[in-house]
Amino acid sequence: MRGVTPGAEPDAGSDDNAESPSPDLDQAATSAAGPADAGAQRQAGPAGSAASPDDAKGPAAGEAPAGSGTAGRKPVVRRSRGARFLRELVILVVIALVIAVVIKTYAIQAFFIPSGSMENTLEINDRVLVNKIVYDTRSIHRGDIVVFNGDGSWDPAEPLPANSNFAEKFVSGFASMFGFGHPGDILIKRVIGLPGDTVACCDAEGRVTVNGVPLNEQSYLYPGAAPSQDRFNIIVPQGRLWVMGDNRSISDDSRDHEGDPGGGTVPENSVIGRAFVIIWPPGRWRILPIPATFEQPKLNSSSSTAAAGTTPAGANADAVLSARLEPSSPALPLSLGFAAAIPVSWLQRKVRRRAARRRAARRVGGGGGRPALAASRRELT
């Protein structure tokens, strides 16, 4: 047995052994720390290591956390307000344009009066609205101011332009709205005689008669103008009309075409519509009613005898005006189109958004969960 020198420590082995405890001691210390400390150490990672900046930031923006129901889904891209506004504007303009063409082609059209042959009922530069569907609901009446196509109307031997189908009329109406195409020789006159009527001039008092019944025309004739300076006596053929202007001294009307094969009459199927209101200028605004003289019950009697008339007087061809009409600017149908397009556009947008909600609901029902519903709502807005 060796002795120990006072003040000296026993040999502890090498320096490494002296500074570091043995593995057995480390294991014992870990065991003594308990499960909780061990779990904390595992979460914290190796001792002395610092957390990386990426770990501190958490999941990257736009990435779904692990275990989320939206893992693998593409991020929802919200449409910009400018793109949505542009799309809605384009839809509104297209709808308005289509409605405007439909109104102009099939319902109502504005015309410009370029001559004085219908004065003072219609003056130069007046704008009138023509109802194109009125004769689909009622027949043409005496006293109506009608707009008709003069191409071949005075001569039944010349074929009238064939009635176009719906699509052809739409294309033609679209083209004419912007100044393209051939609008035809459009005329405006007042209907005096219907098919089967006997129209004559003049009786002992110089009045025009229909079926022997004199017409009191002072309410619409040009002030001081005679009912007619020409004498005529004609039975209006079936399917045709006898028309005259209100300014009889300068109007190129049925009286000036008695020598034509139609005897001065025009076909009913050439009528485009009835002028029913003056819309411009504002001071001239008024409805164009049927004069009271045409409401006489006796006019419908075909047994009356007409006043005798023989040779039509030859009017000065240079002095008469045909009252050829010019289509007015497209401002009115476009305005009406935009007025009608606003509620239509709102309705289609409402229907489209409702359909989008239904699609979103189906996606949610398919397992998308709340994130998918929220994303779809953002897409709608």
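In this predicted model, C201 stands opposite V208, a residue of strand β6. C201 also has a partner in β8, where its bridge partner is F232. The strand that carries C201 is β5, residues 198–201.

**The sheet around β5**

Strand β6 covers residues 208–210 and runs antiparallel to β5, with 3 bridges joining the two. β5 and β6 form a hairpin, with 6 residues between them. In the turn sits G206, which has a positive phi of about 75°.

Strand β8, residues 232–235, pairs with β5 in the antiparallel sense over 4 bridges. One of the residues paired here is A200, whose bridge partner in β8 is N233.

These strands belong to an open sheet of 4 strands. The order is β7-β6-β5-β8, and the pairing is antiparallel. The edge strands are β7 (213–214) and β8, each pairing on one side only. Strands of a sheet pair through backbone hydrogen bonds, either parallel or antiparallel.

Which way do the side chains of β5 point? T198 and A200 point one way, and V199 and C201 point the other way. All four are buried. In a regular strand the side chains alternate between the two faces of the sheet.

**Nonpolar cores**

The largest nonpolar core has 17 residues. I192, V199, V208, L215, F232 and W242 touch the most other members. β5, β6, β8 and β9 each supply at least two residues of this core. Apart from it lies another core, of 13 residues, including L122, V128, V147 and A275. In soluble globular proteins, nonpolar side chains tend to be buried together.

L215 is worth a look. Leaving out residues up to four places away in sequence, L215 touches I192, R207, V208, V210, T293, F294, Q296 and L299.

T293, one of those contacts, is found in the loop between β12 (286–287) and β13 (326–327). Is T293 buried or exposed? T293 counts as buried because its relative accessibility is 9%, and buried means under 20%. Again leaving out residues up to four places away in sequence, T293 touches P214, L215, N216, Y220 and L299. T293 and E217 are 76 residues apart along the chain, yet their C-alpha atoms are separated by 7.2 Å.

**Salt bridges**

How many salt bridges does a search of the whole structure find? The search finds 12. Side chains of opposite charge can pair when their charged atoms come close. Three of the pairs are listed here, with the N to O distance for each.

| Pair | N to O distance |
|---|---|
| R138 and D144 | 3.2 Å |
| R190 and D246 | 2.8 Å |
| R255 and D253 | 2.9 Å |

Start with R190 and D246, which form a salt bridge. This pair links distant parts of the chain, 56 residues apart. R190 is in strand β4 (residues 186–193). D246 is in the loop between β9 (240–244) and β10 (266–267). R190 counts as buried because its relative accessibility is 2%. D246 is buried too, with a relative accessible area of 0%. R190 has a ring partner as well: R190 lies over the face of Y220, at 4.3 Å from the ring centre. Y220 is also among the residues that T293 touches.

The side chains of D144 and R138 meet in a salt bridge. D144 counts as buried, at 0% relative accessibility. R138 counts as partly exposed, at 24%.

In the salt bridge between R255 and D253, both residues are buried.

R87, E88 and R352 go beyond a pair: they are linked in a network of salt bridges.

**The protein as a whole**

The protein has 6 helices and 13 strands. Of its 381 residues, 34% are buried. The structure holds 2 aromatic pairs.

How do contacts spread along the sequence? Among contacts between residues at least 6 apart in sequence, 77% join residues at least 24 apart. The salt bridge of R190 and D246 spans 56 residues. T293 and L215 are another pair in contact.

How values were computed
Residues are numbered from 1 along each chain as its sequence is written. This is a predicted model: local features need pLDDT of at least 70, side-chain atom pairs count only at pLDDT 80 or more; totals for chains, interfaces and linings use all residues. Side-chain values use heavy atoms; hydrogens and water are left out. A salt bridge is a side-chain nitrogen of Lys or Arg within 4 Å of a carboxyl oxygen of Asp or Glu. Buried means under 20% relative accessible area, exposed over 50%, partly exposed in between (1.4 Å probe, protein chains only). Rings of Phe, Tyr and Trp (its six-membered ring) pair if their centres lie within 6.5 Å; planes under 30 degrees apart count as stacked, over 60 as edge-to-face and the rest as tilted. A charge sits over a ring if NZ of Lys or CZ of Arg is within 6 Å of the ring centre and within 35 degrees of the ring normal. Two strands pair if DSSP finds at least two bridges between them. A nonpolar core is a set of buried Ala, Val, Leu, Ile, Met, Phe, Trp, Tyr and Cys residues joined through side-chain atoms within 4.5 Å. Contact means heavy atoms within 4.5 Å.
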